[in-house]
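Notebook open, coffee poured. I want to go through ring pairs, cavities and a few odd backbone spots, and jot down what I find.

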Amino acid sequence: MNLDVPGGASKVLLHSCCAPCSGAIIECMAANGVRPSVFFSNSNICSRSEYDLRLAEVRRYASQYSLEVIDDEYDHRAWLEAVRGLEKEPERGLRCEMCFRFRLQRSARYAGENGFEVLATSLASSRWKDLDQVNRAGELSCKEQGNVIWWPQNWRKGGLQPRRNEIIREQNFYNQNFCGCEFSRREETQTISLID
């Protein structure tokens, strides 16, 4: 896949939700001469040990490309406050959109304060996420920041979805079975019990 970085920018910040979702994006960017800094901002993750495990996998993969990984402050309490009242929303519902806004606002703020011209996210690579929600959250977050361009790339196309799965196997990534928050874990547990 050939990439055109919005505005021809040279400094790209890639918000990473996890290594499985970021692998093919990082590889594709590198193949196109783009060297993003990777921003791990995922206060939605419901335990610090789960957060640390996912961060370690992102660091392990990014190190193969000598990319900088920035670890945002983990603040699950603030995230819970941001989604208060939406706990019973289904996956892909309003809770998810507010979650994306929380994480991408922090990412856009970091980008703007540190000279990054463009923000992208690996959330746009997961078939479990609503791409329109991700893009709305990213556009609003960058617009609020004022000096960051949102990159609305569909990272599922151009062969990246099958390549994503290949990289997961090649790297033997820890591949979680829930989004990260306790509410998505509840839904995953319910789905498993219905299948059994």
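My entries follow, by topic.

**Ground rules**

I'm working on a predicted model, where local features need pLDDT of at least 70, side-chain atom pairs count only at pLDDT 80 or more, and totals for chains, interfaces and linings use all residues. Residues are numbered from 1 along each chain as its sequence is written, and side-chain values use heavy atoms, with hydrogens and water left out.

**Entry 1: ring pairs**

I started with the aromatics. A pair of rings is described by the distance of the centres and the angle of the planes. My cut-offs: rings of Phe, Tyr and Trp (its six-membered ring) pair if their centres lie within 6.5 Å, with planes under 30 degrees apart called stacked, over 60 edge-to-face and the rest tilted. The structure holds eight such pairs.

I looked up F39 and Y110: their ring centres are 4.7 Å apart and the planes sit at 25°, so I log the pair as stacked. F39 is in strand β2 (residues 37–40) and Y110 in helix α4 (residues 94–113), so the pair ties together parts that are 71 residues apart in sequence. Helices (H or I, at least four residues) and strands (E, at least two) are DSSP runs, numbered from the N terminus.

Are the two partners buried or exposed? F39 is buried at 1% relative accessible area, while Y110 is partly exposed at 22%. Buried means under 20% relative accessible area, exposed over 50%, and partly exposed in between (1.4 Å probe, protein chains only).

Next I took Y51 and Y74. Their centres are 4.7 Å apart and their planes at 50°, so this pair is tilted. It links distant parts of the chain, with Y51 in helix α2 (residues 48–63) and Y74 in the loop between β3 (69–71) and α3 (76–82), 23 residues apart. Y51 is buried, at 1% relative accessibility.

I also noted a cluster: ring pairs link F39, Y110 and F116.

**Entry 2: charges over rings**

F116 came up again here, since the charged end of K11 sits over its ring, 4.5 Å from the centre. I also found R54 over the face of F178, 5.1 Å from the ring centre. The test is that NZ of Lys or CZ of Arg is within 6 Å of the ring centre and within 35 degrees of the ring normal.

**Entry 3: Y61 and Q171**

Y61 lies in helix α2 and is buried at 3% relative accessibility. Which residues does Y61 touch, leaving aside neighbours within four places in sequence? I get G23, I26, E27, I167, Q171 and F173, with contact meaning heavy atoms within 4.5 Å. The C-alpha atoms of Y61 and I26 are separated by 9.0 Å, with their positions 35 residues apart along the chain.

I then checked from the Q171 side. Q171 belongs to helix α6 (residues 160–171) and is buried, with a relative accessible area of 18%. With the same neighbours within four places left aside, Q171 is in contact with R60, Y61 and Q64.

**Entry 4: cavities**

How many cavities of 30 Å³ or more are there? I count two. A cavity here is a set of points, on a 1 Å grid over the protein atoms alone, where a 1.4 Å probe fits but cannot get out; lining residues have an atom within 4 Å of a point. Grid points are joined across faces, edges and corners, and a volume is the space filled by probe spheres set on the points.

The largest has a volume of about 60 Å³. Its lining includes N44, W79, K129 and S184, and α4 gives the most, with five residues. By class, I have six nonpolar, two polar and four charged. For the classes, Ala, Val, Leu, Ile, Met, Phe, Trp, Tyr, Cys and Pro count as nonpolar, Asp, Glu, Lys and Arg as charged, and the others, Gly among them, as polar.

The second largest holds about 40 Å³. P20, W155 and R164 are among its lining residues. Elements giving two or more residues to this lining are α1 (19–31) and α6, with α1 giving the most at five.

**Entry 5: positive phi**

Most residues other than glycine have a negative phi. S66 has a positive phi, near 55°; S66 is in the loop between α2 and β3 and exposed at 59% relative accessible area. N172 is not a glycine either and has a positive phi of about 50°. N172 is in the loop between α6 and α7 (182–195) and counts as exposed at 63% relative accessibility.

Definitions and conventions
1 Å grid on protein atoms, 1.4 Å probe; cavity = no way out; pocket = protein on both sides within 12 Å on 5 of 7 lines; lining within 4 Å.
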